[in-house]
Amino acid sequence: MLSHALLLSAVLFVIGTLGVIIRRNAIIIFLCIELQLNAVNLAFVALSRYTGIEGQLFVFFVMTVAAAEAAVGLAIIISIFRHYKTVDVDKFNLLKW
Amino acid sequence: MTEIFFILFAVVALGGAVGVVISRTPIASLLFMVATLASVAGIYVLFEAHFLAAIQVLVYAGAIMVLFLFVIMLLNLGHDYRADLRFGLWSLLGFVVVGLTFGVLAQGFLDVNDTGFREDGAAVAAALDAAVQEQGVAGVIAEPLFTDYVVAFELMGLLLLVAIVAAVVLAKPRSRSGES
Amino acid sequence: MGSVASVLTSGVPVQEAAHWEPVLPGLIILLPLLGFVINGVLALRAAGWSSAEVRAGREWDPFAGSERPSTHTLPTWIGPGVMLVAFVLAAWNFVGMFGAELHEPVIRSYWSWIATSTLQVDAAIQLDQLSMVMMLVVTGVGFLIHVFSVGYMKDDVGYPRYFAYLNLFVFFMLVLVMGAGYAMMFIGWEGVGLCSYLLIGYWFTDREKSDAGKKAFIVNRIGDFGFLLAMFMLFQAFGTLDFATIFAEAEGHFAVGGGTVTAITLLLMLGAAGKSAQVPLHVWLPDAMAGPTPVSALIHAATMVTAGVYMVVRSGVLYALAPTSQAVVAGVGVLTALIAATIALQQNDIKKVLAYSTVSQLGFMFLGAGVGAFTAAIFHLMTHAFFKALLFLGAGAVIHSMHHALHKVNSHEDAQDMRNMGGLKDRMRITWVVMWIATLAIAGIWPLAGFFSKDEIIWYTAAWAGAEANPFGGLYTLYWVVALVTAMLTAFYMTRLMVMTFHGETRLEHGARSHLHEAPRVMTVPLILLAVLSVFGGWVNVPPALSESALGFFGALPMTEWLHHWLEPITHDAAAIQVAALGEAAHDAPLLGGGELAWALVSTLAAAVVVAVAVRQLGPRRVPTAAEDATPPTGLRGVLYNKWYFDEIFDRTIVQPVLAASRWCWSFIDTVIIDGFVNSVGNFTRLAGWFGSLFQTGQANTYAFVLTLGVLLVLGAAVFL
Amino acid sequence: MILDYSSSFHYVLALLPEVVLSCWGMLVLIMGVSRRREPGHGQEFGWMSLAGLGLAAVANGWLYWGVSESGTAAMIAVDRFRLFANWVFILGAALSIVISLAYVTRQKLQAGEYYSLILFATIGMMFMGAARDLMIIFLGLELMSIGVYALVGFNRRDRRSAEAGLKYFLLGAFATGFLLFGIALVYGGAGSTNIQSIAGAIQSGNAANVLMVPGVALLAIGFGFKVALVPFHMWTPDVYDGAPTPVTAFMAAAVKTAAFVAFLRVFVVGLAGVYDQWWTVLWSLAAITMVAGNVVAVAQSSVKRMLAYSSIAHGGYLAVAVIAANDTATAALLFYLLVYTVMNIGAFAIVITVSNQSESNHRIEDYAGFGWRRPALGVFMTVFLLSLAGFPGTAGFIAKYQLLLGAAEARLWVLAVVLVLTTVVSYWYYLRVAWFMWMREGDETAEAVAAAADPPLATHVVLVLCVGLILLGGIFPGAVLELAIGSAEGLRGVVAEATATLAP
Amino acid sequence: MTDSLASIQILYEGWILHALVWLPILGLVHVMTSAGERAKNVAFWWSAAVFVLSLGLWWTFDAGSGGFTLESSTPWIESWGVSYALGLDGISVFMVLLTTLITPIAILGSFEYVKTRRRAFYALMLLLQTGVTGVFLATDIFLFYVFFELTLIPMYFIVGIWGGERRIYAAVKFFLYTAVGSLLMLVAILYIYFSSGTGSFSYEAFLAADLSMREQLWLFAAFALAFGIKVPIFPLHTWLPDAHVEAPTPGSVILASLLLKMGTYGFLRFLLPLFPGASQHPTVVAVMLALGVAGIIYAAWVAAVQPDAKKLVAYTSVAHMGFVMIGVFALTVNGLQGGLVVMISHGVSTGALFLLLGMMYERRHSRLIEDFGGIGRVAPMFATAFVITALASIGLPGTSGFIGEFLALIGTFETHAVTAIVAATGVIFAAYYMLPMVQRVLFNKLDKPENRSFADLSRREMVVLGPLVALMIWVGVYPTPFLERMEPSVQVVLERVEGARTAAHRGAPERMIVDAGAGEEAESRAATGTVDEEDQDR
């Protein structure tokens with residue numbers, strides 16, 4: 001089951017990655033990143049079963065960090081929305097080359 | 001039995017993940033995400049991480065996703081929907097790269113045995129179970145958290161403080177004087 | 001301090017001569033240098049005044065005032081003065097040496113010039129019979145020409161500069177002939193080239209003249225290249241460049257006909273050919289006539305151009321060891337003599353004729369040196385110095401006069417073109433007479449100087465052609481025949497020159513005729529002195545075969561074969577080697593037989609006939625003036641008129657290709673290939689930078705994609721490698 | 001004294017600089033938000049923060065010279081490597097704060113939050129440097145990152161700032177995912193998140209390769225993102241360009257330092273046993289980074305953006321130190337980072353001055369003739385540029401030399417050649433600024449720019465200090481260099497012997 | 001009397017080298033703190049004072065056994081084994097004297113040319129002097145490298161700020177070109193540092209490094225590239241014409257007279273002694289000689305068709321340096337000494353030529369040859385100086401150029417006759433490029449009205465040119481004092497190379513082969529002590 005859990009984790013992770021690549025909406029992109037974090041958490045939990053409690057602790061911290069990131073990230077999205085009136089990342093290309 | 005549950009949760013998690021990526025509206029994505037989170041929480045339970053499963057549902061699916069929902073609502077993104085999913089060559093490329101990445105990343109995962117190559121794996125699992133019996137599902141996490149990992153814990157507190165400050169600073173509306 | 005001065009003037013004896021102490025030999029060299037310095041300072045002062053006037057938009061005329069400025073009076077005394085003192089010193093030493101029966105050269109070393117652990121070159125001079133002859137010629141003829149120049153250059157703005165250059169030339173020429181080794185000789189060698197360059201381009205604002213100077217220098221450098229290589233090989237072989245060591249050891253080092261010695265001598269010959277205007281490097285000498293005429297007399301007739309002959313004679317031992325080189329030297333000499341003589345037939349510029357005549361005569365000298373008649377070569381060098389200097393100075397007097405006359409009537413006709421002259425004999429009596437003497441001398445008419453010297457060369461050619469072991473006997477025979485023919489040609493073109501210049505109707509405009517006049521005394525006196533030398537100069541070396549005959553005044557001459565004996569210590573070794581290698585010289589001429597006396601008679605008679613016929617034939621002929629004679633001749637005459645097209649051939653085959661290659665190197669290799677590469681590295685970097693920055697689209701998706709791609713690559717590398 | 005963590009108070013002592021700074025940061029924050037003022041006022045918070053940094057530096061000094069630890073198993077390292085790095089963080093933060101003072105005022109930013117965020121981010125860095133546990137590294141990294149995300153987007157009136165903030169955040173979080181996955185796999189493979197334990201597990205052969213191999217690669221990717229190795233650098237130019245310039249300076253100096261310090265500790269100490277697995281990958285990344293960073297910098301027309309690419313290139317140089325994996329290279333990394341902090345912040349200080357405490361006039365044309373109008377500033381900038389280029393006589397050269405020594409010791413000749421050749425490329429764009437400053441005559445705009453460029457006294461002091469340090473470090477590097485060398489010693493501890501022969 | 005003289009000498013020798021390196025820096029400070037107008041005088045007097053001080057070396061320098069004298073060494077960066085170590089030998093003494101002579105002359109020559117931003121200019125000039133002097137005196141490789149690179153900066157700014165139209169292109173090209181080479185050399189230095197295992201950057205430590213032939217060849221390539229660019233050797237030369245053309249007069253003078261010498265000096269000081277095996281590797285020797293010869297002829301040809309006088313002279317530098325290269329790689333005493341003399345001679349004569357061209361430019365604001373003509377009429381002193389300098393440049397006997405080229409060629413001929421023969425054609429081509437320029441500038445008709453106001457040399461300009469012209473003639477007439485001072489050091493270099501001579505090398509001079517006849521082979525081997533080394537190398 002461990003190997004399957006890891007596989008599942010990997011699949012979830014790459015799906016999240018795909019989302020980051022192909023979505024334009026900043027919020028969805030962020031959501032996909034959360035998906036990746038979740039995948040990692042799954043791996044941690046699965047591995048911690050036979051390794052020790054550290055893995056679960058790590059997941060605990062990751063969740064907290066995810067929460068913190070969510071707060072900051074959404075704040076940033078709100079902030080930029082005020083400038084552009086959109087969250088389409090394609091529109092944010094003042095900085096390039 | 002566990003296998004069946006695992007497959008079930010896995011299928012739902014995967015479906016939810018795909019839904020997150022491809023659904024047309026942010027709200028739908030969000031809901032798919034909740035489904036995934038819940039399924040993953042179920043898998044946590046299968047791995048005897050009950051406390052985390054609870055937190056997953058409460059904090060993740062409950063609080064964080066709601067925060068997302070609030071923001072989507074706040075920015076009124078549900079209505080003036082525009083296709084933000086890339087198609088065509090770009091997604092194909094993305095798909096190929098991501099698929100290959102998966103292949104490379106997970107190519108050895110099937111070889112992982114049930115104890116993760118750990119000779120003392122079974123013992124560790126048994127010890128964990130014993131600790132759960134003794135300290136409760138929260139206790140096994142709490143005990144190291146406030147002893148060995150107290151530094152990390154304090155650090156996390158600081159991190160949350162920074163996140164608050166950052167969120168406040170960034171989300172605060174622009175002062176009138178600054179607008180031109 | 002005193003010791004320094006004494007070292008500078010008398011040197012430190014390196015090799016104690018048996019019983020002769022040279023008198024201030026260093027001073028002989030130093031005096032002209034001193035003259036150069038003083039005249040140079042004066043020249044700079046004068047040029048300073050002149051330049052101030054030019055800057056103000058005027059021309060400076062130093063002679064406008066009642067008195068000549070001191071810059072234009074002092075050189076009159078300093079220039080010839082130092083030469084006189086030098087000549088007197090040289091003569092004094094000559095007298096001393098004469099009585100000393102010197103067998104070894106006296107070497108005076110002043111300081112160590114170049115000294116490394118393997119190469120030692122001292123600033124040393126060598127006094128021996130050969131250098132003494134050369135010193136006398138250089139200082140003596142040089143002094144006369146300096147005196148002549150006082151008159152000739154009197155009205156020139158650059159008067160002090162002229163004397164500065166002239167003195168500097170003599171300095172270098174003395175270094176050349178007195179240097180105790182090839183390296184020292186090379187200083188003089190290049191130094192005289194420099195002075196030649198400066199003096200040819202003396203009127204430097206004239207493009208053609210400065211071009212001629214440049215050409216002389218560059219062609220000379222081609223010769224110098226050979227000289228340099230020869231020095232390298234000599235150093236390689238002997239570890240030194242000193243004459244004394246090299247000549248003493250040469251026989252031990254090289255077998256007769258050895259490759260190294262042949263190469264050395266051929267390279268030396270290349271140097272000599274450049275300096276002495278031998279085919280094919282003769283092309284600079286006719287152009288060098290752009291310089292003031294006394295310069296042509298001194299440098300391009302009497303002294304510098306004979307340096308090559310001097311060098312070959314000096315290196316006689318080496319040449320004797322390399323019969324092939326000897327044949328080449330003789331061949332080049334005779335070929336040059338012939339070609340130059342033919343060209344001289346068709347030239348109209350009086351100085352050009354003399355220039356080619358010089359080239360031709362130098363060819364004779366090389367023929368002499370080549371066949372091992374070293375004494376004869378030096379002898380001819382000496383007599384040639386007398387009569388050719390005389391011819392040039394005479395021509396100078398003519399040009400001076402012509403120029404003056406044309407100037408008076410504001411004519412722009414060429415003052416040097418013989419077609420514009422004619423009939424000058426009435427107005428320039430002395431010049432006419434002395435030039436006839438010189439002409440007869442160069443034509444080889446008995447008993448003038450040229451007869452004895454030229455005849456000896458021709459005879460030796462014949463004699464060595466018959467030497468039993470001479471592998472080039474047939475070739476020598478050919479040389480002999482050509483030399484005889486050339487001697488006749490010489491008689492002809494010189495007579496033509498005299499006739500066109502002095503005889504017949506004057507072709508000068510009427511108004512100008514009255515302004516023709518004889519040169520001033522300061523110019524005619526040297527002419528007369530040189531004429532005397534041209535007459536009697538040949539008597540110092542009447543060959544034994546002739547001395548008892550009528551041609552030798554039945555033995556009445558006091559110094560029969562004197563030069564031969566005098567140079568014996570120098571030529572002795574070479575002669576011995578040559579005899580050992582080629583066998584004894586024959587006593588009869590090849591082909592037709594006959595001894596020296598017979599052939600001497602034949603040649604002088606033939607020359608006299610040629611002169612006489614030429615005078616008769618050419619005298620009455622009406623010569624068209626330069627203006628009338630606008631179309632150049634064609635056919636064979638055209639080839640001769642155009643100097644066998646040497647300049648054109650060189651231009652097409654060497655000068656233009658090198659120039660084109662140079663331009664190509666610059667515009668293609670340098671600019672396109674090397675710089676193109678360098679710049680394209682830079683441009684490529686910038687282009688790559690620009691291209692790289694294109695990935696920076698500003699879109700977060702792209703960035704995430706690239707990042708993922710990186711993840712794929714890194715993971716792939718980590719997993720599969 | 002010796003820390004053995006027998007009492008939990010030892011943790012406080014071991015973390016004394018962090019603790020001091022945390023308390024101070026909160027103090028600044030509280031005062032900043034409680035005293036309502038118009039935005040833009042509050043330079044005093046800046047000075048206050050400096051004082052806090054000073055205290056932290058003193059505490060750090062006490063730890064450096066007065067304290068040692070027993071064993072190397074603790075979660076928090078009290079080794080000199082960390083403490084030296086701490087000074088670099090503190091210096092970087094302090095210099096950034098000084099050059100921010102006028103900027104914050106002029107741009108009307110919220111001073112209290114601004115300075116406290118810098119302090120908190122610095123604390124995050126210090127934790128990264130101190131961590132002997134991947135968990136602490138992760139948390140420190142996040143603490144730093146969240147602070148810096150906010151700082152980048154701090155100027156809410158500037159849409160470029162917001163855009164930079166968003167990009168940095170999205171990509172940063174994205175990359176964090178990879179780092180985390182890496183940590184998870186390494187944790188699974190080696191059975192611990194403690195670096196010493198990981199090293200031990202690898203050495204004893206208990207690590208599972210199936211998990212370790214992708215884990216290590218993902219760790220490299222995660223750190224590679226933070227230190228901006230190509231191809232994980234894509235965020236760097238945009239973020240550096242869009243962020244408020246003092247924040248850019250802070251990021252380029254301090255954030256990079258923190259990431260490298262942690263990077264080195266994890267790879268050289270923790271993963272030394274699997275050197276064969278990662279050195280080729282990092283080797284390629286370093287080479288590509290040096291080439292691409294320098295080459296693309298050549299094409300830039302904005303000085304600020306050029307410095308961003310230059311910072312990528314420097315990341316490539318520093319990666320060589322990680323690959324070399326010996327004490328010399330480790331010392332080089334520390335020294336280089338110190339020097340880089342000084343010279344880079346100095347250069348940015350000039351950029352801020354030229355842009356007159358705003359985000360304009362970054363074009364290189366704006367620097368035309370600047371040197372002759374402001375000779376002192378021009379000379380300073382020239383010194384900074386030369387030092388960045390690694391020219392003899394400046395500390396940048398000494399640092400690069402030590403780096404090359406490390407590479408040479410590890411016999412990384414090809415990498416050394418790549419390093420020097422790309423350095424030549426870097427000469428071009430550094431000197432380009434110099435030639436605009438000194439060899440071009442400025443037009444009217446440039447003249448106006450130069451006329452307006454009048455840095456406050458504090459910036460002047462910083463500039464003089466930076467130039468002084470650079471020249472001192474270039475001419476008499478002895479003491480500082482030996483400090484760095486001393487700090488690098490013993491980092492690798494027991495694994496050093498085992499890996500001494502690992503170098504290719 | 002003698003005692004006090006001796007004690008003065010001891011006193012002098014104690015600090016002179018340091019003074020030569022650092023006094024210009026003091027001067028720099030003085031320049032920076034003095035008023036703009038006075039800056040030039042301040043700079044001149046400082047550099048002149050340094051020159052006067054350095055003159056003592058002429059007398060106190062004792063060639064001795066050819067090793068370094070006046071050595072001093074202070075630890076500098078102890079953790080690397082780097083020392084601040086200076087020393088003087090027969091090779092460097094002339095380079096140092098050349099530096100101290102040329103710098104004040106270049107400064108004096110710039111009084112009219114440089115009219116803006118004088119303080120900065122003279123400060124950079126003095127900085128340059130420190131750098132160049134340091135290069136020639138350093139006996140620690142690291143220190144050498146630092147000085148070597150340090151010279152780039154002031155030159156970059158001198159060209160870039162006070163240069164002509166394309167000054168920036170030229171400055172950057174100069175900088176990058178040279179930097180490529182020197183940075184690769186840096187890597188090579190590190191390699192030797194680790195190979196030697198002594199943990200020291202001192203010259204002796206580097207000499208002690210035990211390098212295999214393969215290593216030597218690689219390192220040789222790196223060093224040769226660095227120095228070859230600086231020299232510059234034939235295909236690496238294109239930075240030079242640009243830099244020369246654009247540089248202001250004093251910049252050109254310093255560049256030609258001193259900076260190029262750093263390259264050739266590097267060959268003598270480092271390449272030959274550090275890589276004796278590679279230096280005599282037949283292929284290496286062949287390549288270096290070929291490049292030297294190519295430089296001589298190619299540069300002469302290209303020079304001949306330049307319309308720009310300064311560019312012409314720039315190319316002649318390449319040709320002259322070609323003589324140095326063949327002299328050096330002839331590996332004979334004469335060749336090496338000749339190379340050194342060419343270096344001195346070129347420093348003097350080309351420096352003077354650039355000064356003269358600068359004077360032309362000051363007067364006419366043109367460097368094109370065709371814009372002149374007939375200058376000899378209006379500026380006789382100028383013309384005289386020009387002609388003498390040009391003649392020295394093309395190596396007329398009696399001038400410095402001849403001694404150098406003659407020795408270099410004769411030295412080359414000893415071992416590589418064909419090379420010497422081809423190189424000797426450079427004598428012809430020298431006349432081919434130089435005389436037409438002399439003619440077209442000084443001679444011909446004064447047909448351009450603006451040339452009529454061409455002023456003759458001022459007193460200052462005479463002071464500038466006088467010493468150079470005197471030196472050209474002195475070295476040409478009496479070079480022995482120079483030769484005898486350099487010879488022991490040249491021998492040291494040569495012995496080092498000879499000591500590592502391998503059997504594979506067949507380029508030995510004929511006479512030497514004869515000496516080492518079959519019978520005495522063992523004896524001569526024992527005498528030279530090369531047996532072991534030879535065997536090891538194989």
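In chain E, 81% of the contacts between residues at least 6 apart in sequence join residues at least 24 apart. I open with that figure, and I should say at once that the model under discussion is a predicted one.

Let me stay with chain E for a moment. Its secondary structure amounts to 24 helices and two strands. The radius of gyration is 23 Å, close to the 24 Å that the globule rule gives for 538 residues, so chain E is as compact as a globular protein of that length. The C-alpha trace of chain E spans about 75 × 50 × 50 Å along its principal axes. As for burial, 66% of the 538 residues of chain E count as buried.

Where does chain E stand with respect to chains A and B? Chain E does not touch chain A, and the nearest C-alpha atoms of these two chains are 25 Å apart. Nor does chain E touch chain B; there the nearest C-alpha atoms are 37 Å apart.

I turn next to the chains that do touch. Which of the eight touching pairs has the most contacts? That pair is chains A and B. Their interface brings 72 residues of chain B into contact with 61 residues of chain A. On the chain B side, the elements that each supply at least two residues are α1 (2–22), α2 (26–46), α3 (50–74), α4 (88–106), α5 (121–146) and α6 (150–171). Sorted by class, this side of chain B comprises 56 nonpolar, nine polar and seven charged residues.

The second interface I wish to present is that of chain C with chain D. Here 23 residues of chain C and 28 residues of chain D take part. On the side of chain C that touches chain D, two or more residues come from each of α26 (646–694) and α27 (700–720) of chain C. Of these, α27(C) gives the most, with 13 residues. The class count for this side of chain C is 15 nonpolar, seven polar and one charged.

Within that interface, one helix pair merits a closer description. Two packed helices are described by the angle between their axes and the distance between the axes. For α27(C) and helix α12 (residues 275–298) of chain D, the axes come within 9 Å and cross at roughly 145 degrees. The crossing of α27(C) past α12(D) is right-handed. The residues that meet are C:Val714, C:Ala717 and C:Ala718 from α27(C), and D:Gln277, D:Thr280 and D:Val281 from α12(D). Taken together, the residues of this helix contact are four nonpolar, two polar and no charged.

Chain C itself is divided into domain 1, covering 1–112 + 122–180, and domain 2, covering 648–720. The C-alpha centres of these two domains of chain C lie 63 Å apart.

My last item is a single residue, C:Asn93, which has its place in helix α3 (residues 74–100) of chain C. Why does C:Asn93 count as buried? The reason is its 23 C-beta neighbours inside 10 Å, since the threshold for a buried residue is 20 or more. Leaving aside neighbours within four places in sequence, C:Asn93 is in contact with C:Pro22, C:Val23, C:Pro25, C:Leu127 and C:Met132. Of these partners, C:Pro25 is 68 residues away from C:Asn93 in sequence, while the C-alpha atoms of the two are 7.9 Å apart in space.

How values were computed
Residues are numbered from 1 along each chain as its sequence is written. Chains are lettered from A and ligands numbered from 1 in the order in which they are written. This is a predicted model: local features need pLDDT of at least 70, side-chain atom pairs count only at pLDDT 80 or more; totals for chains, interfaces and linings use all residues. Helices (H or I, at least four residues) and strands (E, at least two) are DSSP runs, numbered from the N terminus. A residue is buried if 20 or more other C-beta atoms lie within 10 Å of its own, exposed if 12 or fewer, and partly exposed in between; C-beta atoms are placed from the backbone. Two residues are in contact if their C-beta atoms, placed from the backbone, lie within 7 Å. Ala, Val, Leu, Ile, Met, Phe, Trp, Tyr, Cys and Pro count as nonpolar, Asp, Glu, Lys and Arg as charged, and the others, Gly among them, as polar. Domain bounds come from an automatic or database domain assignment. The radius of gyration is taken over C-alpha atoms; the globule rule is 2.2 Å times the number of residues to the power 0.38. Axes are lines fitted to C-alpha atoms, for helices over the stretch in contact, and angles run from 0 to 180 degrees between N-to-C directions. A crossing is left-handed if the near helix is turned anticlockwise from the far one by less than a right angle, and right-handed if clockwise.
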